[in-house]
Amino acid sequence: MRSLLRRAGRMTNFREAVVCGVGRVDGLDCGAVSGEMKNLCVVLVGTRNPLNVGAVARAMSNFGAMELRAVRPYEKAWREAKSAVGAGELLARAKEFADLGEAVADCSLVVGTTAVGNREMKHPLRGLDEGARLIGKRMETGRVAVLFGSEKWGLSNEDLSYCHWLMRIPTRVEHRSMNLGQAAAVVMYELGRKDRTNAESAEKTQNTLRRGEKSKRAGLKASATLKNAEKEEFAEMETVQRIGEALLEALRKSGYIAGRGEAKAEEKLRRMLRRFSMEAADAEVLLGMVRKILWKLEQE
């Protein structure tokens with residue numbers, strides 16, 4: 001089996017990814033990958049069990065998700081993953097990151113998975129059905145990351161601060177948690193469901209037709225309306241991260257946050273910026289504003 005480690009630092013292009021169409025891409029048979037599943041990134045954080053790593057990879061391959069990323073994985077888990085029957089190439093292409101922010105930098109939506117339990121939720125929480133619909137729509141225009149935490153602890157509060165919202169599989173209250181590989185398989189199935197994607201496509205077509213009729217009645221060109229709608233793009237997390245860094249530095253210089261409370265302030269700021277769910281153009285404008293404020297503070 002090929003080496004399972006693919007260090008991000010060795011890559012010439014951070015955005016290198018498996019873009020699947022018809023035929024094979026670098027040894028991967030992508031003919032069965034449909035729609036926007038190519039825009040899905042599965043991110044494992046602190047994975048410990050090699051069997052689970054393999055199970056996740058196999059579930060991804062089954063349902064057409066071809067990009068796996070790992071953050072701070074246990075080295076042994078990477079080396080000894082053995083249950084990924086038919087998904088060896090997917091594992092060989094997996095990217096490894098030391099930092100979660102870097103792992104999701106090119107994504108416009110980051111969704112964390114959780115069993116909830118007794119944890120206090122600081123994010124919107126959605127069920128799998130609703131979450132899959134929202135993820136499916138966002139994958140039409142940009143890359144989406146779905147995060148799975150370690151088998152023992154799940155995602156930490158710091159990990160969750162990188163998420164826009166959280167999603168859970170509706171399990172029994174008496175037994176909420178699921179095996180990592182099983183949970184990934186259920187999520188991948190829901191995201192790749194043909195009946196869901198076909199229904200959404202039909203609904204989108206009907207909405208387009210309705211907008212077109214309204215535009216005609218109003219004396220507007222439907223093509224212009226659709227063209228403007230297609231331009232809507234959400235900001236990637238790399239841009240949002242730069243906004244957060246600049247804003248945090250401005251808060252330091254203004255005296256708003258003290259040294260001891262900096263880590264907590266950074267986590268709160270990260271969560272707040274993701275709740276805004278900014279469009280790409282707005283994010284660039286806000287970044288320019290914050291940098292100007294920071295420059296002014298540095299002159300004083």
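**Entry 1: strand S4**

I started with strand S4, residues 67-71, and checked its two faces. Glu 67, Arg 69 and Val 71 sit on one side, Leu 68 and Ala 70 on the other, and all of them are buried. So both faces of S4 are covered. Counting along the strand gives five buried residues out of five. I wrote a reminder in the margin: side chains in a regular strand alternate between the two faces of the sheet. One more reminder to myself: this is a predicted model.

Next I looked for what S4 pairs with. Strand S3, residues 40-45, runs parallel to S4, and five bridges join them. I picked out one bridge: Val 43 has Arg 69 of S4 as its partner.

**Entry 2: the whole sheet**

Then I zoomed out. In which order do the strands of the open sheet lie? I read them off as S5-S4-S3-S8-S6-S9-S7, seven strands with parallel pairing. The edges are strand S5 (95-97) and strand S7 (125-127), and each of these pairs on one side only. Going from one strand to the next, the twist averages 30°.

**Entry 3: Phe 97**

I stayed at the S5 edge for a moment, since Phe 97 is found in strand S5. Is Phe 97 buried or exposed? Its relative accessible area is 3%, so Phe 97 counts as buried. I also looked up a distance back to S4: the C-alpha atoms of Phe 97 and Val 71 are separated by 4.8 Å. Along the chain, these two residues are 26 apart.

**Entry 4: strand S9 and its partners**

Over to S9, residues 165-168. Trp 165 and Met 167 point one way from this strand, while Leu 166 and Arg 168 point the other way. All four are buried.

Which strands pair with S9? Strand S6, residues 109-113, is one of them, in the parallel sense over three bridges. Gly 112 stands opposite Leu 166, and Thr 113 has Met 167 as its bridge partner. S7 also runs parallel to S9, joined by three bridges. There I found Met 167 again, this time as the bridge partner of Arg 126.

**Entry 5: helix H1 against helix H7**

Time for helices. I noted the general recipe beforehand: two packed helices are described by the angle between their axes and the distance between the axes.

For helix H1 (residues 50-63) and H7, the axes come within 8 Å and cross at roughly 15°. H1 and H7 are therefore roughly parallel to each other, as angles under 35 degrees count that way. H1 passes H7 in a right-handed crossing.

I listed who meets whom. From H1 there are Asn 52, Ala 55, Val 56, Ala 59, Met 60 and Phe 63. From H7 there are Leu 180, Gly 181, Ala 184, Ala 185, Met 188 and Tyr 189. Sorted by class, this contact has ten nonpolar residues, two polar ones and no charged ones.

**Entry 6: helix H5 against helix H7**

H7, residues 180-192, has another helix to check: H5, residues 128-139. At what angle do their axes cross? I get roughly 55°, with the axes coming within 9 Å. That makes H5 oblique to H7. The crossing of H5 past H7 is right-handed.

On the H5 side, the contact is made by Leu 128, Asp 129, Ala 132 and Ile 135. On the H7 side, it is made by Val 186, Val 187, Glu 190 and Leu 191. This contact divides into six nonpolar residues, no polar ones and two charged ones.

**Entry 7: Arg 271**

I wanted to look at an arginine in a helix as well. Arg 271 has its place in helix H11, residues 262-276. Its relative accessible area is 9%, so Arg 271 counts as buried. What does Arg 271 touch, leaving aside its neighbours within four places in sequence? I found Lys 122, His 123 and Ser 161 in contact with Arg 271.

**Entry 8: overall tally**

Last, I took stock of the whole protein. It has twelve helices and nine strands. Of its 300 residues, 43% count as buried. I also checked contacts between residues at least 6 apart in sequence: 84% of these join residues at least 24 apart. The pair from Entry 3, Phe 97 and Val 71, is 26 residues apart along the chain.

Methods
Residues numbered from 1 in each chain as written. Predicted model: local features only at pLDDT ≥ 70, side-chain atom pairs only at ≥ 80, totals over all residues. Heavy atoms only, no water. Axes fitted to C-alpha atoms, helices over the stretch in contact; angles between N-to-C directions. Parallel < 35°, antiparallel > 145°, perpendicular 65-115°, else oblique. Left-handed = near helix turned anticlockwise from the far one by under 90°. Contact = heavy atoms within 4.5 Å. Nonpolar A, V, L, I, M, F, W, Y, C, P; charged D, E, K, R; others polar. Pairing = 2+ DSSP bridges. Buried < 20%, exposed > 50% of the residue type's maximum accessible area, 1.4 Å probe, protein only.
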